[in-house]
Amino acid sequence: MLLDQMGISVADLLQATGVRPTVPTFVEYVPVVQAAVGPGSRKVYGTYWRKAVERWGDRRLDEVTPTDVETLMRQVQDSALRRRNFRGGHSAAEHLIGALRCLYKRAVADGLISASEDPAQKVAKPHRPTSTRTALADDRLAELVTMAGTSGNDPELDSLIIRFHIETACRRGGLLQLRPVDLDKQQCLVMLREKGESFRWQPVSPTLMRFLQHHVDERGVGERAPLLRYRDGKPVGRRRYDGLWARLGGVLPWVATQQVSAHWLRHTTLTWVERVYGYGVALAYAGHAESPNDAGTTARYVKASQQEVATALSGLTGESHPLALPELDT
């Protein structure tokens, strides 16, 4: 009676072989996953899939244990590249777990293993440290704009980069992937292509739109080619950003000390928008409005700045406050 209620016959049970496909090795399956995921995942996870192949290449997916995964995670964390902004290798460890979860999730979907056999899900991702990025004070932002436009071998290009990020609060990829065909000159809109293969129209000022069009006309950019160009016509890449911020750090010590980058401009703009026009506008300005889970993401961008904390401290320790302390003799 139970089999009848489930729609299963005794013949069905007798015909079931229970044989699962042979579980592939890492060296066999990693190329399959790399071909199936998008370019963003390949870029982020490719390094860590190679590490998995180096460590477990001839082992089947079901032969790796959670202890094996955690051991590799600790080794990746300990050997992470130590730049000036090194924060204990947490990002490398997090990306390794993410890469393995992506691989095993596809193996489960392909019927190669069961969800309970996924060792990556049994290892917790390391806690992500709180970001040190924050909104820049007005005078600091003015210093950046001034130095970008008066130093380097192409001040016009650097001024365009800084101005674009301040106005749009876009990520670096949003500007690097911008094309002349993405400019709606009549309505002063630009099409931004950012992470997660997202697309959105972002308003810009008439001044910035004229600046962009002048750049296109002067440097001979094709309609569907990357807009940002050097004077010789070559497209600008990520190395220009690295050089720009290294140069700014050389003339503005606080830039080097705090490891300021273009992403700080995104924090600066979104914080100002949130303070003046409210959280909902900041949510849309950031490009987070499509997903309900992105509300918390925007909150990380509009946290209190150091200038606001300092202002609060000034009020706390002022003469009129009950906690005011007497001045020390010098």
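Select Cys 102 in this predicted model, and colour the chain by accessibility if your viewer allows: with a relative accessibility of 19%, Cys 102 counts as buried, because the cut-off for that word is under 20%. Move next to Cys 170, which is also classed as buried, at 1% relative accessibility. With the cysteines on display, it is natural to look for bonds between them, since a disulfide is a covalent bond between the sulfur atoms of two cysteines; a search of the whole structure, however, finds zero disulfides.

Stay with the cysteines and select Cys 188, which sits in the loop between strand E1 (183-184) and strand E2 (189-194). Cys 188 counts as buried at 16% relative accessibility, and its phi is near 55°, a positive value in a residue other than glycine. Most residues other than glycine have a negative phi.

Where else can a positive phi be found in a residue other than glycine? Go to Gln 259, whose phi is near 55°, in the loop between helix H12 (253-258) and H13; at 29% relative accessibility, Gln 259 counts as partly exposed.

From that loop, continue into helix H13 (residues 262-277) and select Trp 272, which lies in this helix. Adding Val 276, Tyr 277 and Val 281 to Trp 272 shows a nonpolar patch on the surface, with about 430 Å² of accessible area together, and helix H13 gives the most to this patch, with three residues.

Finish at Glu 218, in helix H10 (residues 206-219), which counts as partly exposed at 46% relative accessibility. The C-alpha atoms of Glu 218 and Gly 233 are separated by 9.6 Å, while the two residues are 15 residues apart along the chain.

Terms used. Residues are numbered from 1 along each chain as its sequence is written. This is a predicted model: local features need pLDDT of at least 70, side-chain atom pairs count only at pLDDT 80 or more; totals for chains, interfaces and linings use all residues. Side-chain values use heavy atoms; hydrogens and water are left out. Helices (H or I, at least four residues) and strands (E, at least two) are DSSP runs, numbered from the N terminus. Buried means under 20% relative accessible area, exposed over 50%, partly exposed in between (1.4 Å probe, protein chains only). A disulfide is a pair of cysteine sulfur atoms within 2.5 Å. Patches are made of residues with over 30% relative accessible area and no salt bridge: like charges are joined within 9 Å, nonpolar side chains (Val, Leu, Ile, Met, Phe, Trp, Tyr) within 5 Å. Accessible areas come from the Shrake-Rupley method with a 1.4 Å probe; for residues, only the protein chains shown count as cover. A salt bridge is a side-chain nitrogen of Lys or Arg within 4 Å of a carboxyl oxygen of Asp or Glu.
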